[in-house]
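Let's take a walk through a protein chain together. Keep the viewer open and turn the structure as you read.

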Amino acid sequence: MKKGLGKGLGALIQTPIEKSMEASPLQEIDISLIEPNPMQPRKSFPEEPLEELAQSIQEFGIVQPIVVNENNGVYTIIAGERRYRAAHIVELKTIPCIIKTYSEMEALQVALIENVQRQDLNPIEEAMCYHQLGEYFFFNREEIGKKVGKSRNTISARMNLLNLDQDVQKHIISGELSASHGAKLVGLPIDHQIEICEKIITQNLGIREIEALVSKTQQSEQSTNPKKTQNKIYTNAEIDLKEYLGANVNIKGKEDKGKIEIEYSSKEELSRIIGIIRG
């Protein structure tokens, strides 16, 4: 399964769109038979851009068909939910579609990668895409990066945002807090994340000011609760190793020594993990 999917989006949805149409003839499908993908990582569809797209569709029609997966007469959207929503606004009866036949997991991977490559997700939605690619397909961060054309560091920076408090994430989603600013708060206790987040927004702090504030907070935390700080270091290391190896990892030890346990469930998984470690 994973081998077949490893070719990336281009092997599953051919581009340009005409090549897809050669493989899967274009069909006009009743809009009532089409449904959004329940695994769609994009949660926000800003009203103004959607209205603009709707006006364009009303004037020129849907120029680029949406891609759907058919199952028992129901068509699930793989690519093109914005066009589908805009078509509803202008009350279209049918939508031009390219029908693909994917397994559930293939459809999920295509939908996730298609979303990232369109580059109109907010940073948290983008991070969720990467998280789902890791969770459902056991891709590590380097593998995810290769699939979406980004570096491992970029993938890690985005995914680390998911470790932030939910309220802080909401500020990133709304655009009040940038992803770069949010990244500086990763690893801080929740109360400090919220406190510094509010200062960033109200005082319009720059990166260097944030770094200085975070450093001061960390020094204070280490001096008042060194054991809690050490445990947090272990927890963060476990998270990083788990996502890098695509396997469950446990770190057991004290300040100067310990051991790292890596779990595997088959010979194939063990070989995969060894291959990652060997580079």
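The paragraphs below go from the whole chain to a sheet, then to helices, and then to single residues.

Before anything else, please keep in mind that this is a predicted model. The chain holds 15 helices and 7 strands. It has 279 residues, and 40% of them count as buried. How do the contacts spread along the sequence? Taking contacts between residues at least 6 apart in sequence, 66% join residues at least 24 apart.

A good place to start is the sheet. Five strands form an open sheet with mixed pairing, and reading across it gives the order E1-E5-E3-E4-E2. Which strands stand at the edges? They are E1, residues 26-30, and E2, residues 34-35; each has a single partner strand, so one side of each is left without a neighbour in the sheet. Follow E2 to its partner and you arrive at strand E4, residues 74-79: the two run parallel and are joined by 2 bridges. To find one end of this pairing by residue, look for Ile 34, whose bridge partner in E4 is Tyr 75.

Now look for the helix that lies across this sheet. Helix H5 crosses over E2, E3 (66-71), E4 and E5 (94-100), and its direction is at about 125° to E4. Which residues of H5 are buried? They are Glu 81, Arg 83, Tyr 84, Ala 86 and Ala 87, so the list includes charged residues as well as nonpolar ones.

H5 also has a helix to meet. Two packed helices are described by the angle between their axes and the distance between the axes. For helix H4, residues 47-60, and helix H5, residues 81-89, the axes come within 8 Å and cross at roughly 70°. Because of that angle, H4 counts as roughly perpendicular to H5. The crossing in which H4 passes H5 is right-handed. On the H4 side, the contact is made by Pro 49, Leu 50, Glu 51, Leu 53, Ala 54 and Ile 57, while H5 brings Arg 82, Arg 83, Arg 85, Ala 86, Ala 87 and Ile 89. Sorted by character, the residues of this contact are 8 nonpolar and 4 charged, with no polar ones.

One residue of this contact deserves a visit of its own. Ala 54 sits in helix H4. Is it buried or exposed? Its relative accessible area is 1%, so Ala 54 is buried. Leaving aside residues up to four places away in sequence, Ala 54 touches Ala 86, Ile 89 and Val 90. You can also compare sequence with space here: Ala 54 and His 88 are 34 residues apart along the chain, and their C-alpha atoms are 8.4 Å apart.

Continue past the end of H5 and you come to Glu 91, in the loop between H5 and E5. Most residues other than glycine have a negative phi, and most peptide bonds are trans. Glu 91, however, has a positive phi near 60°. With a relative accessibility of 64%, Glu 91 counts as exposed.

Another residue of this kind waits further along the chain. Asn 204 is not a glycine, yet its phi is positive, about 55°. You will find Asn 204 in the loop between helix H12 (190-203) and helix H13 (207-224). Its relative accessibility is 66%, so Asn 204 counts as exposed.

Back at the sheet, leave E5 at its far end and you reach Ser 103, in the loop between E5 and helix H6 (104-118). Ser 103 counts as partly exposed because its relative accessibility is 30%. Between Ser 103 and Asn 71 there are 9.8 Å from C-alpha to C-alpha, although the two are 32 residues apart in sequence.

A last stop is another pair of helices. The axes of H8, residues 141-148, and H9, residues 152-160, come within 8 Å and cross at roughly 110°. That angle means H8 is roughly perpendicular to H9. Here Arg 141, Glu 142, Ile 144, Gly 145 and Val 148 of H8 meet Arg 152, Ile 155, Ser 156, Met 159 and Asn 160 of H9. What do the residues of this contact divide into? They are 4 nonpolar, 3 polar and 3 charged.

Terms used
Residues numbered from 1 in each chain as written. Predicted model: local features only at pLDDT ≥ 70, side-chain atom pairs only at ≥ 80, totals over all residues. Heavy atoms only, no water. Axes fitted to C-alpha atoms, helices over the stretch in contact; angles between N-to-C directions. Helix = DSSP H or I, 4+ residues; strand = E, 2+ residues; numbered from the N terminus. Parallel < 35°, antiparallel > 145°, perpendicular 65-115°, else oblique. Left-handed = near helix turned anticlockwise from the far one by under 90°. Contact = heavy atoms within 4.5 Å. Pairing = 2+ DSSP bridges. Buried < 20%, exposed > 50% of the residue type's maximum accessible area, 1.4 Å probe, protein only.
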